[in-house]
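Hello,

Here is the structure I said I would pass on. My notes on it follow below.

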Amino acid sequence: MSLALLTAGSLMLLAAPASAQRDDPNLKKYCTGDYMTYCGNLPPESPEVDRCFEKNMKKISVNCKRAIDYYEQTHKK
């Protein structure tokens, strides 16, 4: 899964997440807090953020998980 996340400026999308994906407004809205809590020490546009979200998936908020699921469903390649 690819967590194209957010930023502090991502998710993993947790499986798809590269910088282009990090521009998604829902991911930013619902996952920024999780990013800051679990992965804030990592550059927001980095592959390490995706791995961090994957590692912490059980801890991230329900709304962030939903945003990731929605992103993945609507951005399948």
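C39 has a relative accessibility of 0% and therefore counts as buried, the limit being under 20%. This is a predicted model, and the values here are computed from it. C39 forms a disulfide with C52, with 2.0 Å between the sulfur atoms. Since C39 sits in helix α1 and C52 in helix α2, the pair ties together parts that are 13 residues apart in sequence. The torsion about this S-S bond is about -95°, so the C39-C52 disulfide is left-handed. C52 is buried too, at a relative accessible area of 10%.

The disulfide count comes to two. The other pair is C31 and C64, whose sulfur atoms are 2.1 Å apart. It links distant parts of the chain, with C31 in helix α1 and C64 in helix α3, 33 residues apart. Here the torsion about the S-S bond is about 110°, so the disulfide is right-handed. Both C31 and C64 are buried. With the bonded cysteines numbered in sequence order, the pairing reads 1-4, 2-3.

On helix α1: the helix covers residues 25-39 and bends by about 55° at C31, which is also one of the cysteines in the disulfide with C64. The N-terminal end of α1 is capped by D24, which places a side-chain oxygen 3.1 Å from the backbone nitrogen of N26. The buried residues of α1 are L27, C31, D34, Y35 and C39. For Y35 the relative accessible area is 2%, and its side chain reaches the backbone oxygen of L42 at 2.6 Å. Y35 and I60 are 25 residues apart in sequence, with their C-alpha atoms 8.8 Å apart in space.

After α1 comes a loop leading to α2 (47-55), and S46 lies in it. S46 is buried, with a relative accessible area of 6%. Its side chain reaches the backbone oxygen of P43 at 2.7 Å.

Helix α2 contains both partners of the one salt bridge in the structure. These are E48 and R51, with their closest N and O atoms 3.5 Å apart. They are three residues apart, about one turn of the helix. Each counts as partly exposed, E48 at a relative accessible area of 34% and R51 at 48%. F53, also in α2, is buried with a relative accessible area of 1%. The C-alpha atoms of F53 and Y38 are 7.6 Å apart, although these residues are separated by 15 positions along the chain.

That leaves the core. In soluble globular proteins, nonpolar side chains tend to be buried together. The largest nonpolar core in this model has 13 residues, and those touching the most other members are L27, C31, F53, I60, C64 and I68. Helices α1, α2 and α3 (62-74) each supply at least two residues of the core. Both cysteines of the C31-C64 disulfide are thus on that list of most-connected members. What does I60 touch, not counting residues up to four places away in sequence? The contacts are D34, Y38, F53, K65 and I68, of which F53 and I68 also appear among the most-connected core members.

Regards

Notes
Residues numbered from 1 in each chain as written. Predicted model: local features only at pLDDT ≥ 70, side-chain atom pairs only at ≥ 80, totals over all residues. Heavy atoms only, no water. Bend = angle between axes of the 7 residues up to and from the residue. Helix = DSSP H or I, 4+ residues; strand = E, 2+ residues; numbered from the N terminus. Buried < 20%, exposed > 50% of the residue type's maximum accessible area, 1.4 Å probe, protein only. Polar contact = N/O pair within 3.5 Å; in protein donor to acceptor, adjacent residues only side chain to side chain. Salt bridge = Lys/Arg side-chain N within 4 Å of Asp/Glu carboxyl O. Core = buried A, V, L, I, M, F, W, Y, C linked by side-chain atoms within 4.5 Å. Contact = heavy atoms within 4.5 Å. Disulfide = S-S within 2.5 Å.
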